[in-house]
Structure formats: structure tokens, C-alpha cells
Amino acid sequence: MNKQPCIKSARYLKTILFSLILCGCLLLNLETQAQKNLTLRFRQQSLREVLQEIKRQSGYKIFYNEEKVNTHKNISVSISDQPLKEALRQLLTPLELDFEIINNTIVISVANDIAAAHGKPQNIKITGSVNDEKGQPLPGATIRLLGAQSVGSVSDEEGNFNIRVTSLQDELLFSFIGYKSLTVKLNGKTNVQIKLEPEILEMETVIASGYYPKAKNSFTGTAVVVNGDDLRNINNTHFFDALKVFDPSFKVIDERGIYGSDPNRIPERIEIRGQNSFPEISESNLKTVTSLPVFILDGFEISVEKVYDLDMNRIASVTILKDASAAAIYGSRAANGVIVIESRNPETGKLQISYTFNGSLQIPDLSSYNLMNAEEVLEFQRQAGVFDASVPGEDAGNKLNSYNVIRKEIMSGVNTYWLSKPLQVSFQHRHSLFIEGSVKKQNKETGNLRYQINLSGGGTKGVMKGSERNQFSAGTKLLYQHKKLNITNDLHFSRVTSQESPYGSFSNYTQALPYHREKDENGKYYRTLSLQNVAPSDMSLGINDFQLSPVYEAKYLSSFTTSENLDFYNNLGINWELISGLRLKGNFKISNETNRTDAYLSPMSYYYIKDNDNTVNEPDVLFSRGQYNLSNSSGLVLSGNVIISYTLSRNKHLFQGIIGGELKQQDNRSDSYAVTGFMNDALTHLSYAVQFKQYSRPAGTENTIRSAGAFSNLNYSFDNRYLLDLTGRLDGSSLFGRNQPTTPFWSVGIRWNISREKFMENQNFIQNLAVRASIGTIGNQNFTLNQAMSLYSWLGPTYGPFSGASITSLGNPNLKCQETLNRNIGIEFNLLKGSINLDLNYYNNITKGNLTDISIAPSIGFETYKTNMGDLTNNGIDFSLTITPVRTKDWMLTLNLNGSHNTNKIKRISEALKKYNDMVGKKAEKENVNVFLFEEGQSMNTIYAVRSLGIDPGTGKEIFLTKNGEQTFTWNPDEQIPVGCKEADLEGYFGFNLKYRSWDLGSSFHYSTGADKYNYTLHEKIEGVNNMKNNDRRALTERWKRPGDVARYKSIKDTSPTRSTSRFVQKEHMLSLNSLRLSYTLPTEKLKQNFISMLRLSATMNDLFYISTIRQERGLSYPFARTIHFAAQINF
Amino acid sequence: MNKSIYLFLVLILSSCNDWFDAQPQGNIGEEQLFSDETAFLNALAGIYTQLRENTLYGEQLSVSSLEFMAQNFVPDDEISKSLTAYDYSTPENQKMIHDIWRDMYNAIAACNKTLEHIIATEIVFNFTGQREIITGELYALRGALHFELLRMFHPHPSVAPSFKGMPYMTTFGSETGPALSTGELLEYIIHDLKHAAKLLYKTDPLFSAYNNSDEQPGKLSRKLRTFHMNYYAVTAELARIYLYKKEYQQAYNYADTTFHHIRQMNPSYQVFYYFGPGKYNSDKSFSREHIFGIASGPTGLTQVAENMFGERQIETCQSFKIIYPSAKDTRYRDWFQLKANTTDRFILSEKFSRESLLSGYTSTTSETKELPVRIPFIKLGEVALIAAEALNELNRTNEAAEWVIELQNNRDIDFIKDLKNTGTLTKARLAEEIRAEYHREFYGEGQLFFFHKRMNDTQLIRYDGKQFDMPATKYTLPIPANGLSVN
């Protein structure tokens, strides 16, 4: 009998619940209107009576299960003028009863039993998304049902989540590190859109690993995340210059500063946490050391050139993955580090046009040069004995004639400043235009489409006249979202053209003698610089040296070198939620790139026509004069990956896993030709050539490289306190040895979020404290095709009617990818509500099985063989500290400091490298160089030289110290020992950022301390100089001249070559102002009347000064420049 | 769902090996190269092309180093001086010797690789016998090149019979063979050459008369056989080796066999024959007498010779007039010139000069009808001298004399004929004349040094005409450091 109401009410309830879910909002509105205040005063009355009174006062029906709710119990209650709910709460909670108000009905149940009453627990599914204040999704945010510790969920990478609740009146707690937690009451809604406000500073919260994003607080690896705006603030045109400021262990290596600010110089050596592979050696010559990280743009690998030419306005964020836990998912490509670039997604909302203008002014920086002027050169040459008799007793009259001619020239005012001749102040400009927006959602059935059109173009002129690089790119990006399906498509085209300066290498200008005139009296440039130009024709000169005028050919001849690169790609991505928590992601990219390089050398060049050459008009000379080289290359890349991800949350356990695979095929082609026989300087087209270059033939290659990888990442987190991360990858490539087609990689990472522990709860000092550690292997795939395979190549002229094919190398079918075992320990913390942030890492990387040449018995027919041999280690720390001492409504000041120290050590080297050491030692005896040696136990950056005791004041000769401690004047290559190391004790960047309302002032300084440098300027421009070229002023002032002089540099008369000596190894402490910037954003209120919605102006100055304890010439073949950037961004 | 994941993984993992087997163009993987008949001809041509490099027969083993070591030229710089003084320890000479060793073995490695493929290939060859010819040439080259190394890097067995030095390489790979004794090596060499002879016997187009169908693309041309290790080159090489072993009867037999070509072939179809006075026009190296010679590249030997005798003006030895006592000698007339502004200094300016061209051969390029000089590997003259020396050693001096007379007849001199007519020819006198012919016949060809070595000559005439003691050890080039192993 008594059960009936209950059953009825349960049925009733179900119906109500259904209708509620369908039109929850409406009902909730009704409900809020119906609220009335109650007053209840009872003393030892039964609950039933109290409820009767509530029913009377509120007019609501009341349901309960009499079996469970004991209404006969006597209670006392005193509630005055409380809203219905509050009154019920005060009444029922002490009785361990719960209630629910549904459509004028109060349902009373035993606490925590509502769910049970519904048949199964938490059966109301709530969906929604979590975004940051800008509307960008926040993956990894935790969602918890208040009052039920065991119910929680985590947002996925699109920021979407779902959670089951017991009631539509439940409250959800949204939290995410770095953001203010937010409690939201469902109020009957089944879909909630949450925007979290940043708790403190804007913090990088998502690690984009390229395959799948991860929340930073669940990341066990080491990564540096830089958002696009911060990057552009440092330098808005040069990606690498901007990025290096954010991570001290990211280094673009240009050891001697040879390439300066050459706009066409693409870095070929970038190191993250030290050098971890041996350089290529051929015929005992060191080939260029190439080590580059892998660059991933929107999930796919791109070349360093593409990154160099990327429009920086397209960048949303850049992530540098540094250790195994972060990078193992990239397997065989990751050993040099991984740089993940995410491009900007279309903004939502109505049509928005944003235009950015970047302009910059480059001013050559010649401050490192300290060259002699005309008078000093002459004095130097006189003291060096250039005008003395070369053998005792010889009549030096002719030489004195030369001296007098020069003297007379100087008296008449000749003092040519050659350095400025090829230089200009250059202006660069770049324009970016974004047109974007979204098509409004009409109803739930048609999805949401976001679109973006991006256009960019600009020209970069270098400070050397005629050198330039022009870029143009256009792209569209579409993003379609419909329920559980997300499709993106990115189509992009770009064209880059570049031109080398016809003025040639800058070193020609630093060496030209200032006492030579540039032009004759008619204003015509001299072809060669010599005294004959100005001396009376009947005068016999003792000095007949001449220099080529570095200007002549640039002024009069049409030689050129240009190149063009066209690139097209389409990138399609699909992201589909199959069932709750399970997602399928696929990305497919096709790209096609073509390159063309044209180089023309005029037939009138000094290379072909020397002075006084009587063969100039003979046919075979004529037909081989002038040369045009054309080379083409193209690459078609097809690649795709598929990833399945699964997220499972049970109580405090959170499990996330992905599994995926990728395939890539790359078809490369190239061809090149050389033609000669140009009759006329101006006939610069290829077709004017008479013939192919003698004995040359078209060259070219065609190859296909295929690679595949399967990978998985499993991440387990307990209560977001303890995290475990496992990654595995199996990589295969057609470049690997046939017997080693696949290589496995793995990593294990752990993290402890200490600040989430109970004992840390009640303090306000530490907001975030976490320690993490990881270990794993990553590989380096610096292979070329012929290393694993014995390849045949076609030989030159035929043998009879047959073209010869010969084996180019002995392939090693056992060759495998070299492996680096990375270990990393890191701590990160955040004190005083974000006022102090520190991230500190210690790492130890061991590279084993380095790809290196080993010597084999030449009776095999080959001398070397690539194999996995040679070990090296890199140890170090890097840290990044940010302090925000001032934060008010108008003001904010941030200070930052980062630094790194790396120690490199060679553990084991191959026979070939030992042989190289022997050969190169001998070479140092013949050539005027300081050499690069490899020794076990030393660093790759060790400097080798013979120890020096300085200059003997008696003779002006250098005194060397042998290994046995003996003093000698003789330099012997075997006495070279390690005398220094180029690794800095500490190197990094520091700076400040000051914000006042719409103003923003910032700076970054680059510092380095304790590195040893071999000062080549001392070696080459003060000593060991060519007296017939211009040199450093100190060659005149600081060299030994007469007995008794205590001098730093050897005798001024000593023309013998200088050998590598410890005298020129100097400790460097260096500071440079990397960038200084000021920006102003026009306040929105001022813009309200206009159609302009945002206007930001900024100016950045780069490389303003450079102070070093070492005075050394920089920018040898291309000068450095100081740059002032202007940027204006206008949104419509 | 699970099924599709599984399928995906299986797809990726199972098809790995095919997927990773990407073959590059321009550079070609071996499987891809050896997919048709022509490829074997290309690989073979590749070996001959390697042999004409400057480190080998393009310079060091023909006109340059070995000739300085034979005291045939007056040295003009540090390197050539050290060679005439047999100082093998200078860095330049060490490198030169090292490069010879490596590049010879590189050519041998190429023989082995090609043999590996031709033995295993299932391709049906279009031209009958061509498979046998190519295989034969490869065996012959392997044997002959090892013998060349043996002559350089081993002492003559009569001096040090148990010497162990170089390996005999029969496989391609990263493992080297063990050091073998001269006897063992000779066994291998003879074995390979005999095997080659067996393969080439009758299949070599030299045995058949010429007909027009011989000239077809992808077919080894009968006309160009002397640019390859042909059947008679193999028999001539065997004659050379048996003489080296001092097995005179065998040496004579093989020498005699070589002459069958001339005796049995209609003169208009002979590819090598004596090239009497007045026949040769611009063919100064007498290429019609080469049983096997290597075509020089367009910038090869010619340029080396031009540099040595044009720019450097390197003179012949001072005893030149004694070597060539007759001014009628076609070699004297056609190979040398008086050095400018001198009356008694000569230079070898003609033999390998730019103007010296092979006549009558089809060309490598369509532009010219003639080939630049050819580098002789083994020629008729040497085979005649082998026959003569062998017969003389077998005490058949009169028969032996006929071989020398025929050679000298074609050189327009008649020293032996005169001796024979006057009845004053003795075994010793003939031996002396054979020695003199080695001087005359191979000037600039790198053979004389090996003759001295084989004869264990302890006294030689230096380039300046003075006699000096030659220590036996100097005849043997040092095996390069790490030549056999790296440890």
C-alpha cells in the first residue's frame, strides 16, 4: 500500500526528468520565479508535520519514499524567512536527507541516494567546452562534480569534456593550473561553455608536441613554449634570432661570425643542448658540420629554409622539445631537438581583417674592425721591411720609388675607406594580411565553419649592395566543426627569390689597401689596384704586387647568382570523436617544392681575362670564357599519420593514451648544367653560350626516401599529483641499413605535482611546485643514401660504346640510426602568486653508435666504411627565471633571466678520426691554421694549440713550451695540447618588460661568460699577416720592433706564418643588447568611432651593441648590421 | 575499432621491407643496375674506366712513377727524385703507393661484385656467348690485376720464396682475405686466368671472321676487343706469369698460342699484328700491336704526357743513345724528339702526345673518328720476347732468335739477323739483346722496372748514366700501412 506513492512518484519523476532535459532552460526559469520565502518554527514535531507546513507555505508537492524517509521522527526547527531551498537545506541536512526540486515538486531522499533512486548513478550527461580568456581551447582542464570527490573528468585537446552528474542542480568545479578555478552550477543546463580567466600572468599551459597537445601540468618532459606574440616582440622578421632568446640551450652556431647579417644565409648548424654527432670527414678534411633540429609545422616536418622564410605573423606558438620524454615520439629524427610550430587558426566571429606592416632599417656595424688607414699601412709596411732590400747588398732604389709613390699619393689625400664601398643602409619591408572569421552556426545540424586567408609579401635587402631576398606567400585555412567531427584544411603557396651581392665577399674590402685609389681621374674604376696606376710610366717600381679591385666587377660586369624557390602544400586534418573519450585523428599532407639556382660569371671577369694575356682571342679560349651554371631540384613529399587517442577517468585516476602511425615518401630530383663561351658580358642568358663546359656533362640525381613510424604514448595520472608517461616508437627508413630496417625508441617520464599535496594546501607562498624526471632514447638519422647501400654511379666519358658504372662506396647493410640516451631532471615552481617562476633542468645525454667513418683495410677496395661507432656525452643545466615584482592595474614589470651550461665530452672515437688527427696535425705544419682535433676525454669544442710563453724580448720570436716543459723557438704540431674550451661557463639572455597601460617596453640582453676563444684576428690580421694587404692597426702598434721591447706580438719584420698558439686563446666575457623594443596599443575606447578595431605600433632595435673582452673581427664575409624594426598592426 | 587498429599496425609493420627498399636514380642500387644484360657491360666498362685513372695506368703505372723507378727519365722535382732514389717513405710516395693499392683492389672489388651478380643472374643474354665473354673478362681481370700487385708488392720468388704479403680477394665485402705467399697467389692467379681462357676460348669474337652483324647495340664489338681482356690477352698474361715463375715451356706455349691470331686469321680481320715501319701515320703508340690496352680518357694520359714532356720537359736518361744505337729504329724515330736547344737530350714527346691517335677505330664520341692514345697493358713485342727468352732458356737459341728477328724487322733494325748471319749468336748474346729490347720496346710503359726485378739485377744504370748498386729490397714496394688490417 505504502509503496504506491513511491512507484508513482518515481515514474512521474522519470517523465519529468526527460522533459526537463529537453527544455531545461525554460523550466529553470519558471523555477526561479516560483521561489518564496518560508518561516518554520517547530519543537518536537514529527517531520511529516513540518513537511505539511512547507507544502502549505510553498504550494509545492512533496514526494518521498516512506520506507526510507522516516517522517515520524520528532524534530525541532527554527527557520525564519528563508528561501525555499535554503529552508529545506537547513531542515533536511541534519537529518541526513537530501532533496531536489523539480517542477513544483520537492523530492526528498536519503542523502546520496538520489542517484540510486534513478536506477543508476550519475546518469545525466553534461557536455561542454573549456576555453581560455581568448576563446582558445584548454585541453587537460579538470572538471569535478562538487560534493562527489570521485566524479571527475578532463577536457580533451579541443577543450571539450563530458561528465555524468546526478542532478541538473549539481555544481561543477573547473580548474586548470595557471587559471582561476571556477565553480559553475548547472541550473538545469546540459551543455556549458566555460571561459577560465588566467590566475596570474599569462602562462604557457599547453605543450604542443606536434601529434597531440598536452597540458603543461601533466607533462613529464622538458619543453619551452613561446607564443607567437612574444616571439614577434623580440624580432618580427628573423625567426631564429627571436627564438634563441627564449631558450638558452638553443644556439645558432656561427663560430667566427663569418656570415654576419647575410639575408641569404640559412643556418646550417643549430644545436640544442650541445653537439651530439661527429662531423663528416672526407680525405682528412673536415666537412661542414651540419646539425639541425627537426622542424614540425602543424604536424609535419619542414626544412630549415621554410622556417627561415616563414611569415612570422602566421605563428601561433613555438615549442622546443628538449628531452626524451618530450621528443621520443619523434624517434629517429629527434636527437638534435624538435621544434614544433603551430600556425594561427582562423579567429571566430564576424569578418575581421588584420594587416601588419613590418619595416626595418639595417645599418652596417663595423665596430669590430680596427683597420689601418693609408698612412698607417705605409708605416707598417716600411717597418715590416717591405721597402728594404730583400737580400743584403741589393739596391733598394726601386723599392724606395714605390715608397715615394705611395707617400705622394697619401700626401695628395688618398685614403680610400674600402669598407664602406659595398655597403648600404638597407630598408626591408614585409606585409601580412589576414582575412578571417566564421560562418555563424544556423542550427545544430549545420556545423561551424571558420576561414582564414593569409597573404604575405616583402623584400629584404641586405647591407651589402645587391644582396636581397624576397618572399611572397598566400594561403587559406578552413576549419569546419560539426558535432564530433572537426576538419581542417590548410593550403599554402610560397615563392622566395634571392640574389647574392655582386660585390662578393666582404673580406676583399677589409684586405684592400687604403692607399690605392678607387677610380682614375676620369671617374673610371680601376680593375686592379697597383702602384702602376699612378706611378709615372717610366719609373721602375720595386713593388709589383697588385690586388683586384673588389668593386670593379660589381660596377661594370653583369655576373650574378640568383635562386628561386617555389613551394606548395596542402594539409588536411580530420579529428573525429568516435565515442566518448575515444578520438581518431588523421593528417595528410602533400607538398611539392622546386628550386632553381642560376649563376652567371661574365666572360670579362678577371677569372678569364688577366692583364697582358695574348691568347684572349684564340677560339678555344673564347669558347671557354664566361660560365652559366643552372641547377634545378624538386621534391615531392607525401605524408600522413593516423592517431587514436583515448581518455579514461575513474575517480582520481586519469588515463590518456594515444597510438598512431605515420608514413612518408619523399621523391627528390635534381639536375644541373654548366655552359661556357659567352661572347659578350651583357648576353647573360643561358642560350647565348657556345657549348657545354668542356668535359662536363649534365649532373643530377633522383631518389626516393621512404619512412614509416608507429608510436604510442601512455599517460597515467593519479589525482593530478603523480604522473607517469610512457612513450615508444618504432621507426623505419629506406636510408637505414637493409639489415636494420627499423629502430625502436622509448622514454619513461614521471612527474610529481607537489603543490597539489594536502600539506601544501594551506599556504599562499607556493602556487606551483613540481619535479619531473625522464629517461629515454632518441635517434639521429643523419644518413645519406650511399652509406647503407653500395651504390653504382655513372662514370664520365664512355669506355668504347659503353658507359662505365662503378661502385661509389662500400655500403654497410648493418648501419642503424645513432641513438642518444637522454636523461633529464627538472623542477619548476611558481611563488607568490606567479611573481616568481623558475624552471630548472639538469640533463645528461649519451650518444652512442655515432655514425662515423672507420678505416678498413684498403685491400677491400675502399678505405672507409660508415659504421656506428664513437660515443659522446653532453651534460648540462639550463634554467629560466621570471620575476614580476610590480603588478598593479596600470603597471607591470617583469624581469627574466635564463642561462645554460653544457659540457661536451668525447668518449670513444674511431680509427678514421684518429687517422684524421694525425693527418691534420701535419697539415697544421703546412697551413696557417688552428686545427680541429678529436681526442677521447676532450670536448668537441676543445681548442688545440702549442703552449706559448710569449714573445722573447730579445729576438721578437715566440717561445713555445713543449709537452715535456722545454722551451723552444720551434713550433711542432706534435706539441699541440688542449689549451681551452669554447664552451661558456654560462650563457643566456636576460631582460625586462615594462607595461604601462597601453605602453610596453622591453629588452633582452645576451650574455656569455667564461668561454675560451681562439682569436683569429690576432692570428691572421696582426701576426702571420700578408704585408701587401690591409690589417689590424695593432699589427703596427703592438708588434715587437727592437730588442728589449716587451710585446704581445712577434717581430714586425717576421713574415713567417703564425702557428696555432695558446697566446691567442682568450677568455671571453660578452654582453650584447639583443633587442630593445617599445610598443603602443591604441586604447579601444579611442577607436570606437572608427571602423578600426585595433591598432598597435611597435619599434624594435636589434643588436644595438656588442661588448666583449675579446677584440675580434666579426662578419668576415658579410658584415653584421644593427637593425631597427617598425611594426604596425591594424585590425578592421 | 580494435580490428582496424590492428590492421593498421600490421600494414605498417609487415610491409616494411618492401616499403624501405627505395632505389635511388643517378646513383643506382645494385639490384636495380643488374636488371638487364647491358648492365654487365656497364659494370665491366666501369672497371676499365677505373683502370685508366691517374693513380693507376693513366699515370703512375705507365708513364710516370714506374718509369722513374726504371731510371728512364731524369727527375726534375722532389717527388721524381725520391722515386729514382727508391725512397718510398716520403708522404707523397706513401700516398701514391697507398692509392695504387687501394684503387687496384677497388677494381678487383668491382670484378668480384659483378661476378657475384653474373653468376647468380637469371637474365637470358641476348647475344650468344656474351655471358661467357663477360665472365671470362672478369676472371681474367681479377687474375691479371692481382699479378700486377704481386709484381709490385712481393719480392720475386727467387729472392724470397716464402714471403707473405697481399691477400687474394675473391669476394666483395668488408672483410679482407689473409696475407698469402707468392706461390699461393700465383696459383690463384693462374687458376683465374685459365678459367677465363676456358670461358673465352671460341666465344671471344676474335675467333670468327668479321661480319656486319657484329656491330649491334649492346654487343661487344669485335673491332674493339683489344680494349678488353680478350682471349689472347689472357694467354699473353699467362705467358708473362709462367716466365715470371720460370716455367719456360709453359711460357713459350702460351706465347706461341697468342700468335695464333695472326697466323690463323685472315690479315684483314686481324685485330692485332706487327705494325711495320711506315704503316702507322699518327698512331705513335703502335696501338695495332697492343693485345690489350686501356683507352685513355680525353684528358687522361695525353694530358699527363703533355705535362711531363711539354711543360716539365722531362728528359730521357743519359744513356739514351746507348739504348737506341740505331737511328733507323722506328721507336727512336717516332717516339722521341731532341729537346729544344740541345743536341744530345731527348724527350718522349711523341708517343703519347695529343697528336698520337689511334687510327681506324670507332670512336667514343661522334665528333672525332679517332681515339686518343691507348695505354698498353700487354703487347705483341712482349709476347715475342717472352717466347724468345723461354726458348733461349730451354737452350733453343736459334728458334728463339727468330722471334727477336721478327720483332726487330718490324722496328727496321737487324741486330740479331746480322749476328745470326755471321754465325756469332750465342745464348748469352741473345739474352743480352732481349734485355736491350726490354729497354727499347717499353719506354714510358712501366714494364722495364719489372724486368729488372725479375732478373734480380743488382746493378743498374742510373738516369745520369752512372752505374749503381740496386739492393734487392728496393724492388719491392712497401705494403701500405693498414693495407691489410687496421689494427
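Two strands count as paired here if DSSP finds at least two bridges between them. By that yardstick, β6(A) and β12(A) are partners: five bridges join them, and the two strands run parallel. The structure in question is a predicted model, and what follows walks through a few of its sheets, a helix pair and some individual residues.

First, some background on chain A. Its secondary structure comes to 19 helices and 57 strands. Of its 1132 residues, 53% count as buried. Contacts often reach a long way along the sequence: among those between residues at least 6 apart, 69% join residues at least 24 apart.

Back to the β6–β12 pair. These two strands belong to an open sheet of three strands in chain A, with the order β9-β6-β12 and mixed pairing. The edges are taken by β9 (160-165) and β12 (191-195) of chain A, each of which pairs on one side only. From one strand to the next, the twist averages 25°. On the parallel side of β6(A), A:Ser129 has A:Gln193 in β12(A) as its bridge partner. With β9(A), strand β6 (residues 124-131) of chain A runs antiparallel, and six bridges hold this pairing. Here A:Ile124 stands opposite A:Val165 of β9(A).

In a regular strand, side chains alternate between the two faces of the sheet. The edge strand β12(A) has one covered face, with A:Val192 and A:Ile194. Its uncovered face carries A:Asn191, A:Gln193 and A:Lys195. A:Gln193, the bridge partner of A:Ser129, is thus listed on the uncovered face.

A second open sheet in chain A also has three strands, this time in the order β2-β5-β4, and its pairing is mixed. Strands β2 (61-64) and β4 (97-102) of chain A stand at the edges with a single partner strand each, so one side of each has no neighbour in the sheet. Neighbouring strands are turned against each other by 25° on average, direction ignored. Six bridges link β4(A) to strand β5 (residues 105-110) of chain A in the antiparallel sense, and in this pairing A:Ile102 sits opposite A:Thr105 of β5(A). Two helices pack on this sheet. Helix α3 (residues 47-58) of chain A touches β2, β4 and β5 of chain A, and its direction makes about 150° with that of β2(A). Helix α4 (residues 84-92) of chain A touches β4 and β5 of chain A, its direction making about 160° with that of β4(A).

Chain B offers a helix-on-helix example. Helix α16 (residues 397-410) and helix α17 (residues 415-422) of chain B pack at an angle of about 135°, with their axes 7 Å apart. Angles over 145 degrees would count as roughly antiparallel and those from 65 to 115 as roughly perpendicular, so α16(B) is classed as oblique to α17(B). From α16(B), the residues involved are B:Ala401, B:Glu402, B:Val404, B:Ile405 and B:Gln408, and they meet B:Phe415, B:Ile416, B:Lys417 and B:Lys420 in α17(B). Sorted by class, this contact has five nonpolar, one polar and three charged residues.

Three single residues of chain A round things off. A:Thr1017 is found in helix α17 (residues 1016-1022) of chain A. Its relative accessibility is 3%, so A:Thr1017 counts as buried. The side chain of A:Thr1017 reaches the backbone nitrogen of A:Glu1113 at 2.7 Å. Beyond residues up to four places away in sequence, A:Thr1017 touches A:Ile1022, A:Asp1032, A:Arg1034, A:Arg1111, A:Gln1112 and A:Glu1113.

A:Asp298 lies in the loop between β20 (294-297) and β21 (300-302) of chain A. The cut-off for buried is under 20% relative accessible area, and A:Asp298 makes it because its value is 16%. Its side chain makes a polar contact with the side chain of A:Ser343, at 2.7 Å. Contacts of A:Asp298 outside its neighbours within four places in sequence include A:Ile341, A:Glu342, A:Lys477, A:Asp490 and A:Asn571.

A:Ala689 also sits in a loop, between β34 (653-676) and β35 (691-692) of chain A. At a relative accessible area of 19%, A:Ala689 is buried. Leaving aside neighbours within four places in sequence, A:Ala689 is in contact with A:Val675, A:Thr676, A:Gly677 and A:Phe678. The C-alpha atoms of A:Ala689 and A:Tyr355, 334 residues apart along the chain, are separated by 46 Å.

Key: Residues numbered from 1 in each chain as written. Chains lettered and ligands numbered in written order. Predicted model: local features only at pLDDT ≥ 70, side-chain atom pairs only at ≥ 80, totals over all residues. Heavy atoms only, no water. Helix = DSSP H or I, 4+ residues; strand = E, 2+ residues; numbered from the N terminus. Axes fitted to C-alpha atoms, helices over the stretch in contact; angles between N-to-C directions. Buried < 20%, exposed > 50% of the residue type's maximum accessible area, 1.4 Å probe, protein only. Polar contact = N/O pair within 3.5 Å; in protein donor to acceptor, adjacent residues only side chain to side chain. Contact = heavy atoms within 4.5 Å. Parallel < 35°, antiparallel > 145°, perpendicular 65-115°, else oblique. Nonpolar A, V, L, I, M, F, W, Y, C, P; charged D, E, K, R; others polar.
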